[in-house]
Amino acid sequence: MSAPQHPSDTAVSDSPVTESALDEREGQPALPDADAASDDAVVEPVDDEDEDDDEDDEDDDEDDAEEDGDGENLLVREGDVAGDYLERLLDILDVDGDIDLDVEGDRASVAIVGGRLNDLIGPDGATLEALQELTRLAVAQSTGVRSRLMLDVGEFRAKRRADLTALAGETARRVSSSGQPERLAPMNPFERKVVHDVIASVAGVRSESEGEEPNRRVVVLPDK
């Protein structure tokens, strides 16, 4: 079991990935720009609970970590528990893969790499999302603390993050230039968080969310 350091996300990419290109690649039709006069253009403020279910109880988790005595040690323990759980699962499924453990910021990070892992990713990462929740439950059962652990399989999340970073950057530049809001395709909480983080780093634009799961999406607007 190895524990390499994963590179952190950096500034907005200049890669010419657009919303239309991303939608077409995923087999979804490109979305039109928002019409300021339409109901779809009505947006709701972003909040942590809606945007990232991983951060619903961040303050509670931090308090729990302090009570544990050492937040960093708790995250390392989460990674160890998750690694053991996933190794047993891979053995049961007879799937070859290595487990990489890391701590990124305020959460444990676990990645399954190597081998043929498509079955663990599923369509649009659906199986990966379910596997992450199961792993978090296993960790919480062992530690007694709700886990915010992030799981990646076959670098699916890393590649998706890079694509979304490029998409968000290009969208921000268009909105800043045109002064017109744009709506992105529906995304899960992880994906929306990536986009919001990118938009927050770009001057002259802001992002909000609209809709309900599973069709909740990011709206990029000119800053007031």
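Which exposed residues does the face of H6 turned away from its buried side carry? They are Leu137 and Gln141, and the views below start from that helix. This is a predicted model, where local features need pLDDT of at least 70 and side-chain atom pairs count only at pLDDT 80 or more, while totals for chains, interfaces and linings use all residues. Residues are numbered from 1 along each chain as its sequence is written, and side-chain values use heavy atoms, with hydrogens and water left out.

**View 1. Helix H6 (126-143) and its buried face.** Helices here are DSSP runs of H or I, at least four residues, and strands are runs of E, at least two, numbered from the N terminus. H6 has 18 residues and reaches 26 Å from first to last C-alpha, close to the 26 Å expected at 1.5 Å a residue (the expected span is 1.5 Å times one less than the number of residues). Its buried residues include Leu128, Leu131, Thr135 and Val139; buried means under 20% relative accessible area, exposed over 50%, partly exposed in between, with a 1.4 Å probe and protein chains only. Seen down the axis, the buried residues fall within an arc of 160 degrees, so they line one face of the helix (the arc is that of the directions from the helix axis to the C-beta atoms). They pack against H4, S2, H5, S3 and helix H7 (156-178), where contact means heavy atoms within 4.5 Å. Gly144 follows H6 with a positive phi, near 80 degrees.

**View 2. Leu86 in the largest nonpolar core.** A nonpolar core is a set of buried Ala, Val, Leu, Ile, Met, Phe, Trp, Tyr and Cys residues joined through side-chain atoms within 4.5 Å. This one has 18 residues, and Leu86, Ile99 and Val110 are among those with the most contacts inside it. H4 (71-93), S1 (98-104), S2 (107-113), H5 (118-121), H6 and S3 (150-153) each supply at least two of its residues, and H4 gives the largest share, four. Leaving out residues up to four places away in sequence, Leu86 touches Ile99, Val110, Ile112, Leu131, Thr135 and Leu151. Another core, of 16 residues, lies apart from it and includes Val175, Val194, Val198 and Ile199.

**View 3. A buried charge pair between H7 and H8.** The closest N and O atoms of Arg160 and Glu191 are 2.6 Å apart, making a salt bridge (a side-chain nitrogen of Lys or Arg within 4 Å of a carboxyl oxygen of Asp or Glu). Arg160 lies in H7 and Glu191 in H8, so the pair ties together parts that are 31 residues apart in sequence. Arg160 is buried at 8% relative accessible area, and Glu191 is buried at 8% too. The structure holds eleven salt bridges.

**View 4. Charge pairs within H7 and H8.** In H7, Glu170 and Arg174 sit four residues apart, about one turn, with their closest N and O atoms at 4.0 Å. In H8, Asp197 and Lys193 form a salt bridge at 3.0 Å, N to O. Asp197 is partly exposed at 43%, and Lys193 is partly exposed at 23%. Salt bridges with shared partners join Glu170, Arg173, Arg174 and Glu182 into one network.

**View 5. Ser201 in the loop after H8.** Ser201 sits between H8 (189-200) and strand S5 (205-210), and is exposed at 54% relative accessibility. Its side chain reaches the backbone oxygen of Val198 at 2.6 Å. Ser201 and Gly169 are 32 residues apart in sequence and 9.5 Å apart in space, C-alpha to C-alpha.

Definitions and conventions: A polar contact is a pair of N or O atoms within 3.5 Å; within protein, one must be able to donate a hydrogen and the other to accept it, and residues adjacent in sequence count only if both atoms are side-chain atoms.
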